[in-house]
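Dear colleague,

I am handing over the structure we spoke about, and my notes on it follow below. Please read them with the coordinates open beside you.

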Amino acid sequence: MKTEDPNADLFDEKWLDMLNMDIRYIRSGEYIKIGDYSVTAIESLHDTRENSLIYVISYNNKNILYGTDLLRLSEKAWDILKGFHLDLVILDQTYGKGFNAGGHLDAGQVVEIITRMKDEKIIDEESLVYATHISHEGNDTHDEMEMYAVRNGYHIAYDGLEIII
């Protein structure tokens, strides 16, 4: 957009109208309604200089955690998550087991989060958990990552994956 018009500004009403966009600001712990959907924001600590967020998206008595660009979950984030039973969890697993260049989760941290979610009754055996946001740094092949993931209660996402909950 900026290359087409250097004056483009997503905070300008003209641009929002032209792009048919409605930007809403939300902070951790707050939620907004979008039609029949409810979206709850949770701090991600990905970048503490910004208001980095992950989201629980609720619709028709189903709850999805969309948690990419996640460094770790704070106790405030855990307190919010305890208010949900999650049917689907999508987590950042940028890095593989034993390797982390910072700012994102590695495979070991994903396992820690899943374990705590089970202990806190946020997820159960019926919940689906997938890792995505996979980097080429420090990761094995998809098949090797999937074997590790399945042993630890989750799956590795892939292009074209469709999930029905």
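Which residues touch the most other members of the largest nonpolar core? In this model, which is a predicted one, that core has 29 residues, and Leu65, Leu81, Leu86, Met117 and Tyr154 are the ones in touch with the most other members. At least two core residues come from each of strand S3 (53-59), helix H2 (75-81), strand S5 (88-92), helix H3 (107-119), strand S6 (128-132) and helix H4 (142-151), and the largest share, six residues, is given by H3. As background, nonpolar side chains in soluble globular proteins tend to be buried together.

Tyr154 deserves a look of its own: once neighbours within four places in sequence are set aside, Tyr154 is in contact with Gln93, Ala107, Val110, Val111, Ile114, Val129, Ala131, Tyr148 and Ala149. Apart from this core there is another one, of five residues, which include Ile32, Val39, Ala41 and Leu53.

Turning to the hairpin, strand S1 (residues 31-34) pairs with strand S2 (residues 37-43) in the antiparallel sense, over four bridges, and Tyr31 stands opposite Thr40 in S2. Two residues lie between the strands, and Gly35 in this hairpin takes a positive phi near 60°.

Is Ser38, which has its place in strand S2, buried or exposed? Its relative accessible area is 14%, and because the cut-off for buried is under 20%, Ser38 counts as buried. Not counting residues up to four places away in sequence, Ser38 touches Tyr31, Ile32 and Lys33, and also Val56, Ile57 and Ser58. By contrast, Asp143, found in helix H4, is exposed at 60% relative accessibility; its C-alpha lies 8.8 Å from that of Ile156, although the two residues are 13 apart in sequence.

Finally, the aromatic rings: a search of the whole structure finds two aromatic pairs. Tyr37 and Tyr59 form a stacked pair, with 4.4 Å from centre to centre and 20° between the planes, and this pair links distant parts of the chain, since Tyr37 is in strand S2 and Tyr59 in strand S3, 22 residues apart. Both are partly exposed, Tyr37 at 38% relative accessibility and Tyr59 at 37%. The other pair is Tyr95 with Phe99, whose ring centres are 5.5 Å apart and whose planes meet at 75°, so that the pair is edge-to-face. Here Tyr95 is buried, at 6% relative accessibility, whereas Phe99, at 33%, is partly exposed.

With best wishes

Note on methods
Residues are numbered from 1 along each chain as its sequence is written. This is a predicted model: local features need pLDDT of at least 70, side-chain atom pairs count only at pLDDT 80 or more; totals for chains, interfaces and linings use all residues. Side-chain values use heavy atoms; hydrogens and water are left out. Two strands pair if DSSP finds at least two bridges between them. A nonpolar core is a set of buried Ala, Val, Leu, Ile, Met, Phe, Trp, Tyr and Cys residues joined through side-chain atoms within 4.5 Å. Buried means under 20% relative accessible area, exposed over 50%, partly exposed in between (1.4 Å probe, protein chains only). Contact means heavy atoms within 4.5 Å. Rings of Phe, Tyr and Trp (its six-membered ring) pair if their centres lie within 6.5 Å; planes under 30 degrees apart count as stacked, over 60 as edge-to-face and the rest as tilted.
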